[in-house]
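Colleague: I am new to reading protein models. Could we go through this one together, with the reasons behind each label?

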Amino acid sequence: MKMKTLLAAGCAAMLATASLADDHKVKVGMITTLSGGGAGLGIDSRDGFLLAAKLAGNDALEIVVEDDQRKPDIAVQLADKMIQSEKVDVLTGIVWSNLAMAVVPAATAQGKFYLSTNAAPSMLAGKGCNPNYFSVSYQNDNLHEAAGAYVKNAGYSKPFILAPNYPAGQDSLTGFKRLYGGELAGEVYTKLGQTDYAAEIAQIRASDADSIFFFLPGGMGISFLKQYADSGLDLPVVGPAFSFDQGILQAVGDAAMGVKNTSQWNKDIDNAANATFVEEFQKEYGRLPSLYAAQGYDTANLLLSAMEKADVSDADAFRSALKAAEFDSVRGDFSFAANNHPIQDIYVREVIKEGEVYTNKIIDTALEDHSNAYVEDCNM
């Protein structure tokens, strides 16, 4: 079950970035989910990160990839090995918030940098923030806040909301309620990894809900949407991108058509960096990129931008270079708030079909230059 890939990320390139000498190498440990439930999310994160490294052609960047199997104890073991044996400078890649909580505080306490390609729990944004921890994706509440704002503005007054009972799920419903601010028809936490939603669908049917909001990433969302479509219920469904992303939509099929979902990225964002990313990802991997791939790609490019300005052995200078975020994000405008989480636009997308491929298109902007609710709780 254990998987390891050791890659010199710029091996295809003939020349390293001119500003870096051989003694300025940066070693990155990527711990992500490559097998079992949710593997598609980790694979996309890895592939986006490695694509950016390949395109940069910077052979001062070395990357070690390991499979956490979506198990916190495995993630901790891998992080310990990477820090103690592999002597990595930077850690990245964790998809799941419960795994991030098991790894990130210990890694940053040992002076390592952690760049999050996905998981960004509230505990690491507020009182548990750390100068060496940067979330390049979002803060966990963000896409759910945007969904709450959309539901409110769309005129729905009694949504039924559900999410898995783990840190990201708790952040999800907290975020939704923060910007929705109205009455709920019901609120349910499911088991992480659950695949049978008959009981939850029965609760929705028995309620007076006028809409549904759910956060069920990966296979959980596939299972719920298919079972919901078969149930005969026809309430409008809203969710974050995680349940309607590129890698998931093909498995869900027609059950997802027309669903509104919120995201800080989509393939139709009009900027040169995004156009290059979408084109090169399809060329390299033969599929459309997902949100997870976009986040991995941006994370690698943030790291590469810092490497051009500072030596990782000078922690203060390298930290400042990361904070500056001087790279071309696929999202367009990108900066960090005081607690090292993004300030960015968040969009409303609609699931459509292009030929035989299910995908999303942006139909509106839900939140502009949006930060997060935990900045004032972070003392650093």
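Colleague: Thanks! Let me begin with Ser211: which residues does Ser211 touch, not counting residues up to four places away in sequence?

Modeller: Happy to help, and please keep in mind that this is a predicted model. Ser211 touches Val151, Tyr156, Lys158, Pro159, Phe160, Leu235 and Pro236. Ser211 itself belongs to strand β9, which covers residues 211-214.

Colleague: Why is Ser211 called buried?

Modeller: Compare the value with the cut-off. Buried means under 20% relative accessible area. Ser211 has 1%, so Ser211 is buried.

Colleague: What makes the pair Ser211 and Asp210 a polar contact?

Modeller: The two side chains come to 3.2 Å of each other. A polar contact needs N or O atoms within 3.5 Å, and residues adjacent in sequence count only if both atoms are side-chain atoms. Here the contact is side chain to side chain, so the pair qualifies.

Colleague: Now to Lys25. Where is Lys25 found, and why is Lys25 called partly exposed?

Modeller: Lys25 is in the loop between β1 (4-8) and β2 (26-32). Its relative accessible area is 41%. Partly exposed is the class between under 20% and over 50%, so Lys25 belongs there.

Colleague: What links Lys25 with Asp59?

Modeller: A polar atom of the Lys25 side chain lies 3.1 Å from the backbone oxygen of Asp59. Along the chain these residues are 34 apart, while their C-alpha atoms are separated by 8.1 Å. Beyond neighbours within four places in sequence, Lys25 is in contact with Asp59, Ala60, Asp89 and Val312.

Colleague: Two other loop residues caught my eye, Gln69 and Lys87. Which of the labels buried or exposed goes with Gln69, and which with Lys87?

Modeller: Gln69 sits in the loop between β3 (61-67) and α2 (72-86). Its relative accessible area is 13%, which is under 20%, so Gln69 is buried. Lys87 lies in the loop between α2 and β4 (90-92). Lys87 has 55%, which is over 50%, so Lys87 counts as exposed.

Colleague: What is the phi of Gln69, and what is the phi of Lys87?

Modeller: Gln69 has a positive phi of about 60° although it is not a glycine. Lys87 is also a residue other than glycine, and its phi is near 60°.

Colleague: How do you know that Ala256 is buried?

Modeller: Its relative accessibility is 0%, and the label needs under 20%, so Ala256 counts as buried. Ala256 is found in the loop between α8 (246-252) and β11 (260-263). Setting aside neighbours within four places in sequence, Ala256 is in contact with Phe244, Leu249 and Val351. The C-alpha atoms of Ala256 and Leu225 are 7.2 Å apart, with their positions 31 residues apart along the chain.

Colleague: Let us zoom out. How many helices and strands does the chain have, and why is the chain called as compact as a globular protein of that length?

Modeller: There are 11 helices and 14 strands. The radius of gyration is 20 Å, close to the 21 Å that the globule rule gives for 380 residues, so the description fits. As for extent, the C-alpha trace spans about 65 × 45 × 40 Å along its principal axes.

Colleague: What share of the residues counts as buried?

Modeller: Of the 380 residues, 58% do. Also, among contacts between residues at least 6 apart in sequence, 71% join residues at least 24 apart.

Methods:
Residues numbered from 1 in each chain as written. Predicted model: local features only at pLDDT ≥ 70, side-chain atom pairs only at ≥ 80, totals over all residues. Heavy atoms only, no water. Helix = DSSP H or I, 4+ residues; strand = E, 2+ residues; numbered from the N terminus. Buried < 20%, exposed > 50% of the residue type's maximum accessible area, 1.4 Å probe, protein only. Contact = heavy atoms within 4.5 Å. Polar contact = N/O pair within 3.5 Å; in protein donor to acceptor, adjacent residues only side chain to side chain. Rg over C-alpha atoms; globule rule 2.2 N^0.38 Å.
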